[in-house]
Amino acid sequence: MASPLRFLKTRWSVRSRILASMLLVAALGMASANAVAFIIQRERTLADVDDRLVSRVDAARSVVTGEVPTTSTTDAAPATPGTAGFATTSAALEAVLARVLPSTNESSLGIIDGKARYVPGIEIGFHLEDDPAFVDRVVAEVADGSVRLGTSVSASGQWRYIATPIAVTGSPEEGIYVAAVDIGAELRDLEDAFTTYMLVALAALVAIGLVGWFVAGRLLRPIRQLRAAASRITASDRKERIPVVGQDDVSELTATINDMLDRLDTALTGQRQLLDDVRHELKTPITIVRGHLELLDSRNVSDVESTRALAIDELDRMAGLVDDIESLAETQGAHPVRVLVDVDDLTAEVFAKASVIPGHEWALAEVARVTAPLDPSRITQAWLQLADNAAKYSDTGTIIEIGSATDGIEVEFWVADRGPGIPLDARARIFERFGRVDGSRGIRGSGLGLPIVAAIAKAHGGRVSLVSSPSGSRFGIVVPVAHAEASIHDTLPLPNGTVAQ
Ligand code: ADP
């Protein structure tokens, strides 16, 4: 069975949602303003009615007493004979009815001895004497001689009334003056006004809806364009960028998306480049092995032996290349898992590992006594790569120095050899993928070692350093250390599991 709330779950467009919220808020605002205004106005009208009724009693009293009324209060004493000189209560009441005339929606009545006797001499909207129950009620209410202000709801209507006894000394009659206002009629004007207001508010809501739909559409247009452009940009056509218009949130979003597209483009280009490089690098050993196998004389044992050795050698090289590519991909993609590391301990460990590489004399030159936020396994990998290169490219028996140094801001993990150095024009190239010094003096390599080192340094927010001359090179991995003291100390666990304070 379809739930009645199903429409809430249907996919509303942002435009519809903005519009619905706008209309809801506007409708709530208008309705509550209307309701509050109506209540206040109604109270005011009712208070006015009471004031009018009280003023009628004051007027009646002054007719009877012949005095000018000074106060308007129902607490005043009932009308008593004064200088007006009425002989009887009937005469006084008749005079009151004749002189105190009801206005619109008003009526009055003079009662003598419990019977309706006098009505105003003018045209009035409703007649109190037509409701005998009301007359009886009023007579009963003022029997104790007090002035009475009350509300009567009956088939005749909803009346607010005031009743006051009228008595003239010496006259045995008991007179009552009653003035009433038809509240229903009095409030009708107000209700009509508020019905009109509601209709106008409804029309205003329709207008707000139309304008809101248009404005929301205009505001959201850049986002629609953004979506259209984003869906147009495919892997094959990555060059399109979304035009940045104006200076607002949407234009900032557009700029951010453009930046993201740039980065994706760079990453994809890099990936393609890597694939091209890898294909190129693998082609050579494959061609060599294939060439030798084609020319192989299977009856010639020594030929078989040498081709086998060559094939194994080339395959090993390919395996090494694949390992290096994997290592490079890992370092480029992953974030280092950093912990606070004692650089002096790390230096000692790396020195111990490097010094078993045969053919050279290894020396621990200096040790930085500092802690730094590092991924120790990655730094070790990069540092050993530098040590391996130093061993590979410098003459057997020469000294290779290892050390770490700090200026308090950065820490450098370095390796210095007495090798041939790097020619000036090759210094940038060797840090690029498959970049090697021409010929590399016949020493085998993939050209991926230094790019891996550079990627690890970069992942640590650092860089590689190189000082080289024909009598030797000093390669270093430089990573920041200073900011770690302030912010990372509190959050990074030490390698042994404790947290640095
Ligand atoms: P690979 O050693 O596999 O060729 P690398 O990226 O580690 O790749 O090194 C790139 C090139 O830089 C090497 O081919 C070599 O020519 C040069 N190189 C690296 N380290 C040294 C060094 N310590 N001394 C002289 N040349 C070096």
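Author: A salt bridge here is a side-chain nitrogen of Lys or Arg within 4 Å of a carboxyl oxygen of Asp or Glu. The model is predicted: local features need pLDDT of at least 70, side-chain atom pairs count only at pLDDT 80 or more, and totals for chains, interfaces and linings use all residues. Residues are numbered from 1 along each chain as its sequence is written, and side-chain values use heavy atoms, with hydrogens and water left out.

Reader: How many salt bridges does this rule give?

Author: Side chains of opposite charge can pair when their charged atoms come close. Counted by the rule above, the salt bridges come to 16.

Reader: Which parts does the pair of glutamate 106 and arginine 52 tie together?

Author: The two side chains meet in a salt bridge at 3.1 Å, N to O. Helices (H or I, at least four residues) and strands (E, at least two) are DSSP runs, numbered from the N terminus. Glutamate 106 lies in one element and arginine 52 in another, 54 residues apart in sequence, so the parts tied together are strand 1 (residues 106-112) and helix 2 (residues 14-65).

Reader: Which helix gives the most to the lining of the largest pocket?

Author: Elements giving two or more residues to this lining include helix 7 (301-333) and strand 12 (472-480). With seven residues, the most comes from helix 9.
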